[in-house]
Amino acid sequence: EDYFTGSMNIEHFSGREMKEKALSLTVVLRSGLFACLFYILAHPDTRTYLLKNIKCLKEFDYLTVSMVLFLVFHYVLSIFV
């Protein structure tokens, strides 16, 4: 017969690290930053400005353009923030 002689807490996971990370001020500020970025890109004035001033964007749907812009801005901001 094999008997278990080790600790019952094998993985050493208590969830405390996840709770501390979720309540971190950095995470809250980063979430707010990306929410503002999304709001700016979703605003009708931004759409009008971009489609009027950037000629190559007229052939694409604005939803696709805003998705690509959000992806690029998210990537760049994630590097620095």
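In this tour a contact means that heavy atoms lie within 4.5 Å of each other. With that in mind, and remembering that the structure on your screen is a predicted model, consider the whole chain before selecting anything: among the contacts in the protein with a separation of 6 or more, 53% are accounted for by residues 24 or more positions apart.

**The whole protein**

Colour the model by secondary structure, and you will find four helices and zero strands, so that the pattern read along the sequence is α-α-α-α, as the definition of helices and strands by DSSP runs gives it. Switch next to a surface view, where the accessible surface of the protein comes to about 7400 Å², and where carbon and sulfur atoms hold 67% of that area. Of the 81 residues in the protein, buried ones make up 12%.

**The nonpolar core**

Now select F34, L37, L41, L50, L51, L57, Y62 and V65, which together make up the largest nonpolar core, eight residues in all. Helices α2 (25-42), α3 and α4 each supply at least two residues of this core, and α2 gives the most to it, with three residues.

From this group, keep L41 on display and show its surroundings: setting aside residues up to four places away in sequence, L41 touches T46, Y62, S66, L69, F70 and F73. Several of the next stops are taken from that list.

**T46 and L69**

Move to T46, which lies in helix α3 (residues 44-53). Is T46 buried or exposed? T46 counts as buried because its relative accessibility is 19%, and the cut-off for buried is under 20%. When its neighbours within four places in sequence are left aside, T46 is in contact with I40, L41 and Y62.

Then select L69, whose place is in helix α4 (residues 62-80). With a relative accessible area of 23%, L69 is partly exposed, and, apart from neighbours within four places in sequence, L69 is in contact with L41 and L50. If you draw a distance line between the C-alpha atoms of L69 and L41, your viewer should show a separation of 8.0 Å, although these residues are 28 residues apart along the chain.

**The aromatic pair**

For the next stop, show the rings of F38 and F70, since the count of aromatic pairs comes to one. How are the rings of F38 and F70 arranged? The pair is edge-to-face, with 6.4 Å from centre to centre and 90 degrees between the planes. The pair links distant parts of the chain, with F38 in helix α2 and F70 in helix α4, 32 residues apart.

The partners can also be looked at one by one. F38 counts as exposed, at 54% relative accessibility, whereas F70 counts as partly exposed, at 24%. Leaving aside its neighbours within four places in sequence, F70 is in contact with F34, L37, F38 and L41; of these, F34, L37 and L41 are among the core residues you selected earlier. A further distance to draw is the one from F70 to A42, which are 28 residues apart in sequence and 9.9 Å apart in space, C-alpha to C-alpha.

**The surface patch**

Finish by returning to the surface view and selecting M67, V68, L71, V72, F73, Y75, V76, I79 and F80, which make a nonpolar surface patch of about 950 Å². Within this selection, pause at V68, a residue of helix α4 that is partly exposed, with a relative accessible area of 41%. Look also at F73, which belongs to this patch and which you have already met as one of the residues that L41 touches.

Key: Residues are numbered from 1 along each chain as its sequence is written. This is a predicted model: local features need pLDDT of at least 70, side-chain atom pairs count only at pLDDT 80 or more; totals for chains, interfaces and linings use all residues. Side-chain values use heavy atoms; hydrogens and water are left out. Buried means under 20% relative accessible area, exposed over 50%, partly exposed in between (1.4 Å probe, protein chains only). Accessible areas come from the Shrake-Rupley method with a 1.4 Å probe; for residues, only the protein chains shown count as cover. A nonpolar core is a set of buried Ala, Val, Leu, Ile, Met, Phe, Trp, Tyr and Cys residues joined through side-chain atoms within 4.5 Å. Patches are made of residues with over 30% relative accessible area and no salt bridge: like charges are joined within 9 Å, nonpolar side chains (Val, Leu, Ile, Met, Phe, Trp, Tyr) within 5 Å. A salt bridge is a side-chain nitrogen of Lys or Arg within 4 Å of a carboxyl oxygen of Asp or Glu. Rings of Phe, Tyr and Trp (its six-membered ring) pair if their centres lie within 6.5 Å; planes under 30 degrees apart count as stacked, over 60 as edge-to-face and the rest as tilted.
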